[in-house]
Amino acid sequence: MANKRIKVKGYRGLWYREVERLAVPGTTEKVFYAIFQKRDENGFLKTHEVRLGKQYADGITPARANIMRSNLIESRIQTPKEKKQQQH
């Protein structure tokens with residue numbers, strides 16, 4: 001099992017990698033990631049890459065991952081890095 005990126009067909013900016021499931025040894029599940037660009041406080045475009053969740057453990061599907069990606073782009077939800085900066 002390689003840790004290579006596999007693009008999600010039909011969805012721009014989404015990819016996944018397959019990892020071994022912890023709950024059911026010997027099987028795999030997909031971990032979804034989103035990549036997108038967003039303007040920072042200075043107005044420059046910055047590329048973000050965010051882990052969205054696991055297929056079975058978090059119930060993430062490609063459609064749900066795409067909705068999460070669009071919400072991240074539109075700043076409806078925050079990236080983990082933004083949440084961490086806000087707490088400090």
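**Entry 1: strand pairing**

I began with the first hairpin, where β1 and β2 run antiparallel and are joined by two bridges. I note at the outset that the model is a predicted one. For the register I looked up I6, whose bridge partner in β2 is Y16. Six residues lie between the two strands of this hairpin, and G10 there takes a positive phi near 85°.

I then followed Y16 onward and found that its bridge partner in β3 is F32. A further bridge between these elements links E20 to T28 of β3. In total, β2 and β3 pair in the antiparallel sense over seven bridges.

I recorded the full sheet next. It is open, has four strands in the order β1-β2-β3-β4, and its pairing is antiparallel. The edge strands are β1 (6-7) and β4, each of which pairs on one side only. As background, I note that strands of a sheet pair through backbone hydrogen bonds, either parallel or antiparallel.

**Entry 2: the chain as a whole**

I counted two helices and four strands in the protein chain. Read from the N terminus, the elements run β-β-β-β-α-α. The C-alpha trace spans about 45 × 30 × 20 Å along its principal axes. The chain has 88 residues, of which 27% count as buried. Among contacts with a separation of 6 or more, I found that 31% are accounted for by residues 24 or more positions apart.

**Entry 3: the nonpolar core**

Which residues form the largest nonpolar core? I listed 11 of them: V8, L14, Y16, F32, A34, F36, V50, L52, I60, A65 and L72. At least two residues of this core are supplied by each of β2 (14-20), β3, β4 and α1 (62-73). The largest share comes from β3, with three residues.

I examined F32 more closely, leaving aside its neighbours within four places in sequence. Its contacts are V8, W15, Y16, V50, R51, L52, G53, Q55, I60, T61, P62 and A65. Y16 thus appears both as a contact of F32 and as its bridge partner.

**Entry 4: G59**

Where does G59 lie? I located G59 in the loop between β4 and α1. Is G59 buried, partly exposed or exposed? Its relative accessibility is 28%, so G59 counts as partly exposed; the buried class would require a value under 20%.

Leaving aside neighbours within four places in sequence, I found G59 in contact with K54 and R64. I also took the C-alpha separation from G59 to T47, which is 26 Å for two residues 12 apart along the chain.

**Entry 5: the largest pocket**

I looked up the largest pocket last and noted about 240 Å³ of space in it. Its lining consists of K38, R39, D40, E41, K46, H48, T79, K81, E82 and Q85.

How do the lining residues divide by character? I recorded seven charged, three polar and no nonpolar residues. β3 (28-39), β4 (45-54) and α2 (80-87) each supply at least two residues of the lining. Of the elements, α2 gives the most, with three residues. I note that β3 and β4 contribute at least two residues each to this lining, and at least two each to the largest nonpolar core as well.

Conventions: Residues are numbered from 1 along each chain as its sequence is written. This is a predicted model: local features need pLDDT of at least 70, side-chain atom pairs count only at pLDDT 80 or more; totals for chains, interfaces and linings use all residues. Side-chain values use heavy atoms; hydrogens and water are left out. On a 1 Å grid over the protein atoms alone, a cavity is a set of points where a 1.4 Å probe fits but cannot get out, and a pocket is an open set with protein on both sides within 12 Å along at least five of seven lines; lining residues have an atom within 4 Å of a point. Grid points are joined across faces, edges and corners, and a volume is the space filled by probe spheres set on the points. Ala, Val, Leu, Ile, Met, Phe, Trp, Tyr, Cys and Pro count as nonpolar, Asp, Glu, Lys and Arg as charged, and the others, Gly among them, as polar. A nonpolar core is a set of buried Ala, Val, Leu, Ile, Met, Phe, Trp, Tyr and Cys residues joined through side-chain atoms within 4.5 Å. Buried means under 20% relative accessible area, exposed over 50%, partly exposed in between (1.4 Å probe, protein chains only). Contact means heavy atoms within 4.5 Å. Two strands pair if DSSP finds at least two bridges between them.
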